[in-house]
Amino acid sequence: MPAVHPIEPRAAPRPGEAFLEVRGLEVVRAKRRILAIDALTIRAGETLAIVGPNGAGKSTLLLALAGLLRPDRGTIVVGGVAVVPDRDLAYRRRIGLVLPAPLLLSTSVYGNVAAGLRFRGVDASETRERVDHWLERLKISHLRDRPASQLSSGEAQRTSLARALVLDPQLLLLDEPFVALDSTTRAQLLDDFERLRVEAPTTRVLVTHHLHEAVRLGDRLAVLLDGRIRQCDVPERVMASPVDADVAALVQTEARVRGHILASEDGLVVVDTGAGSRRDVEGRARRLLDATHATGPAVSDAAGPGVTGAPGAPGAPGASGVPGVPGGAHDESGGADERVATGGPGGW
Ligand code: ADP
Ligand code: MG
């Protein structure tokens with residue numbers, strides 16, 4: 001058991017070394033164990049994406065990582081020293097926290113971003129320099145003097161990110177930072193966030209229920225289900241080799257179809273889902289493959305009902321049908337049940 005005392009600010013560990021270790025963490029609420037993390041290491045310099053459906057315990061884990069929640073068991077160890085929940089000001093000063101819907105102070109954008117620096121006693125000219133730098137990087141310089149109450153949700157989230165990043169945190173904790181945004185704003189902020197990963201490298205934990213965000217932004221992916229981390233690995237390996245049926249169900253939603261394989265060509269698989277009429281199924285499979293090869297993977301109506309095409313290696317989960325997935329699970333139109341899945345990871 002490591003010594004328990006507040007951590008003094010110190011240099012961040014080198015990239016690849018453990019920044020933070022979770023050991024035997026348990027959180028019980030209303031007599032229910034909502035979090036049980038045996039072991040989890042966050043490496044310095046990485047972005048760890050924690051992905052799981054609503055209610056999985058993502059926010060609870062993030063609050064525990066932030067030292068804002070007292071676990072019922074276990075510790076969070078940083079640099080060999082356990083974090084003291086609620087009281088560890090030195091640790092709190094090393095982290096930045098971004099929440100889904102930012103609670104901004106009722107002052108200007110500048111005032112919001114400057115607040116943390118002022119609180120830490122940074123002088124006015126350095127504060128101005130650092131705030132302006134981050135306003136520019138997050139593309140909100142033109143909003144510098146705008147009251148926070150007059151911001152759109154995207155602008156507010158950018159302000160919230162600037163507020164966290166201006167403090168140069170060694171660990172940035174982000175809880176669903178894109179969830180409240182419309183799709184255009186979300187796409188822009190995702191692009192900018194990806195850019196910042198390179199321009200402002202730090203250790204990050206990103207919580208999201210959108211698999212595509214986690215895959216895109218995470219160096220590693222931790223799948224959290226019912227308060228437990230079922231798999232933690234690079235996204236490619238989690239996607240290709242889920243450890244169990246539950247993880248497979250979550251990461252391969254878009255590629256899971258029950259049926260039998262009619263044809264397989266160039267990584268494209270045509271599956272008979274048995275949902276449509278039985279006339280000329282083989283012929284329609286052929287036309288579906290031909291049309292897809294001509295145009296690239298896309299939803300296609302080249303064939304009649306009952307045939308689904310999906311890219312993927314034969315024998316990969318989903319390509320040959322996964323027990324427990326009802327037939328026609330891809331039939332969002334309520335009509336014909338044929339389509340060529342893009343195979344990209346989907347959100348939940
Ligand atoms: P997520 O962020 O993944 O959606 P949360 O961490 O917010 O999940 O919550 C995990 C589970 O714990 C949910 O079922 C939630 O209802 C429950 N929970 C969280 N906080 C409390 C609490 N204070 N009392 C009772 N149940 C709670
Ligand atoms: Mg949450």
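How many nonpolar, polar and charged residues does the shell around ligand 1 have? The legends below begin with that shell and refer throughout to a predicted model.

**Figure 1. The residues around ligand 1 in the predicted model.** By class, the shell comprises three nonpolar, six polar and two charged residues. Ligand 1 is surrounded by Arg29, Ala30, Ile34, Gly52, Asn54, Gly55, Ala56, Gly57, Lys58, Ser59 and Thr60. With three residues, helix 1 (residues 58-65) gives the most to this shell.

**Figure 2. The open sheet of four strands.** The strands follow the order 2-1-4-5, and their pairing is antiparallel. Strand 2 (32-43) and strand 5 (81-82) stand at the edges; each has a single partner strand, so one side of each is left without a neighbour in the sheet. Strand 1 (residues 18-29) pairs with strand 2 over 10 bridges in the antiparallel sense. Strand 1 also pairs with strand 4 (residues 73-78), again in the antiparallel sense, over five bridges.

**Figure 3. The hairpin of strand 1 and strand 2.** Two residues lie between the strands of this hairpin, and alanine 30 in the turn has a positive phi of about 50 degrees. Arginine 29 has arginine 32 of strand 2 as its bridge partner. Arg29 and Ala30 are also among the residues that surround ligand 1.

**Figure 4. Leucine 20 and its partners in two strands.** In strand 2, the residue opposite leucine 20 is isoleucine 42. In strand 4, leucine 20 has valine 78 as its bridge partner. In a regular strand, side chains alternate between the two faces of the sheet.

**Figure 5. The open sheet of six strands.** Here the order is 6-7-8-3-9-10, with mixed pairing. The edges are occupied by strand 6 (95-98) and strand 10 (228-233), each with a single partner strand, so one side of each is left without a neighbour in the sheet. On average, neighbouring strands of this sheet are turned by 15 degrees against each other, direction ignored. Strand 9 (residues 220-225) pairs with strand 10 in the antiparallel sense over five bridges. Within this pair of strands, leucine 224 stands opposite isoleucine 229 in strand 10.

**Figure 6. Helix 1 and helix 5 against the strands.** Helix 1 lies across strand 3 (47-51), strand 7 (171-175), strand 8 (203-208) and strand 9. The angle of helix 1 to strand 8 is about 155 degrees. Helix 5 (residues 153-165) packs on the sheet and touches strand 6 and strand 7. The direction of helix 5 makes about 170 degrees with that of strand 6.

**Figure 7. The crossing of helix 3 and helix 4.** The axes of helix 3 (residues 109-119) and helix 4 (residues 124-137) come within 10 Å and cross at roughly 135 degrees. That angle makes helix 3 oblique to helix 4. The crossing of the two helices is right-handed. Helix 3 contributes Tyr110, Val113, Ala114, Leu117 and Arg118 to the contact, while helix 4 contributes Thr127, Arg130, Val131, Trp134 and Leu135. Divided by class, the residues of this contact are seven nonpolar, one polar and two charged.

Terms used:
Residues numbered from 1 in each chain as written. Chains lettered and ligands numbered in written order. Predicted model: local features only at pLDDT ≥ 70, side-chain atom pairs only at ≥ 80, totals over all residues. Axes fitted to C-alpha atoms, helices over the stretch in contact; angles between N-to-C directions. Parallel < 35°, antiparallel > 145°, perpendicular 65-115°, else oblique. Left-handed = near helix turned anticlockwise from the far one by under 90°. Contact = placed C-beta atoms within 7 Å. Nonpolar A, V, L, I, M, F, W, Y, C, P; charged D, E, K, R; others polar. Near = placed C-beta within 6 Å. Pairing = 2+ DSSP bridges.
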